[in-house]
Amino acid sequence: MSSKHALVTGALGFTGRFMVDELRRYGYRVTEMGSQPSSEADYRQVDLTDAQSVMRCLADVQPDYVVHLAAIAFVHHGDANAFYQVNLIGTHNLLQAVAAMGKPVRRVLLASSANVYGNATSGMITEAAELAPANDYAVSKMAMESMARLWQDRLPLVITRPFNYTGAGQSEQFLLPKIVAHFRHRAPVIELGNLDVSRDFSDVRALAEAYRRLLEADSAGKTVNVCSGRCHSLADVISLCERISGHRLEIRVNPAFVRANEVRSLWGSADYLRGLIGEWQTPPLEETLSWMLNQA
């Protein structure tokens, strides 16, 4: 039985699956938590908005580490209230349960989002940048960060702000998987917004590694960007997919997808992350796209 026992919320989600695999590969015993049913052996179905259910689960599981990934993450999700119920109140219920479980926890990692920076700052963003959330998802994450700091004197928290990341298995409602799917299916046409917008893209496998290493580092009380530090435009992504797949498709700019006053270039600095965990790199975007294009 491993002496390192981690609870991962959102374990059935895109990020959660890779996080669970990463932890188990490095000798952790993992209890998975999610809102949907599962036949996994060490899995707990718990609604984070039900405070008593969360309290009972943590009292029973007694983890050494908590990785909190559960969230409503799609920015254009139709129910704004759900962002606050899950991302804010759900996180409050979890922290309350961790603090009350009667056992000191070694680290609690809370996944926030680089969306908290909004669109106000162009260029490379450090953790010192002003927060300017521009939608309900981002506001819910900023509120979650503020609420979590109320627990800093009781729990060893680290808050991560991941920039865009992707990989095989991510839903096609997100932009890069949508583009990849068009190439995998040899579609003749794709509709996109502004092709000149540049963003920071990481690989989900590298993100899971960074999260694990933050659990093991002296990271309590820290707020940390997780990002590649490199910028790619959508035109770059299209060009890479064409080269990898040998397929060309027609790009049509749909005015409905073009956002007014969108910042042209936005990416993060990972210097603080590396200062905490040591050398860390995400694979080149071409490698990640190849993995996604060649998935079974």
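Guide: Two strands pair if DSSP finds at least two bridges between them. Keep that in mind for this predicted model, where leucine 109 stands opposite valine 158 in β7.

Visitor: What makes β5 and β7 a pair?

Guide: Count the bridges: four of them join β5 (residues 107-111) to β7 (residues 157-162). The rule asks for at least two, so these strands pair. They run parallel, too.

Visitor: Why are β3 and β12 called edge strands?

Guide: Each of them pairs on one side only. Just follow the open sheet along its order, β3-β2-β1-β4-β5-β7-β12. Helix α6 (residues 204-216) lies across β4, β5, β7 and β12.

Visitor: What makes lysine 4 fit the distance rule for a charge over the ring of tyrosine 28?

Guide: Its charged end is 4.2 Å from the ring centre. The cut-off is within 6 Å, so the distance fits. Arginine 205 passes that part as well, because it lies 3.6 Å from the ring centre of tryptophan 291.

Visitor: Which residues keep Trp291 company in an aromatic cluster?

Guide: Phe14, Phe18 and Tyr165.

Visitor: And α5 with α7: what makes one residue of their contact charged?

Guide: Those helices pack at about 35°, with axes 10 Å apart. Among the contact residues of α7 are Glu242 and Ser245. Glu counts as charged, so Glu242 is the one charged residue. Ser isn't on the nonpolar or charged lists, so Ser245 is the one polar residue. The other nine are nonpolar, including Leu175 and Phe183 of α5.

How values were computed: Residues are numbered from 1 along each chain as its sequence is written. This is a predicted model: local features need pLDDT of at least 70, side-chain atom pairs count only at pLDDT 80 or more; totals for chains, interfaces and linings use all residues. Side-chain values use heavy atoms; hydrogens and water are left out. Axes are lines fitted to C-alpha atoms, for helices over the stretch in contact, and angles run from 0 to 180 degrees between N-to-C directions. Helices (H or I, at least four residues) and strands (E, at least two) are DSSP runs, numbered from the N terminus. Contact means heavy atoms within 4.5 Å. Rings of Phe, Tyr and Trp (its six-membered ring) pair if their centres lie within 6.5 Å; planes under 30 degrees apart count as stacked, over 60 as edge-to-face and the rest as tilted. A charge sits over a ring if NZ of Lys or CZ of Arg is within 6 Å of the ring centre and within 35 degrees of the ring normal.
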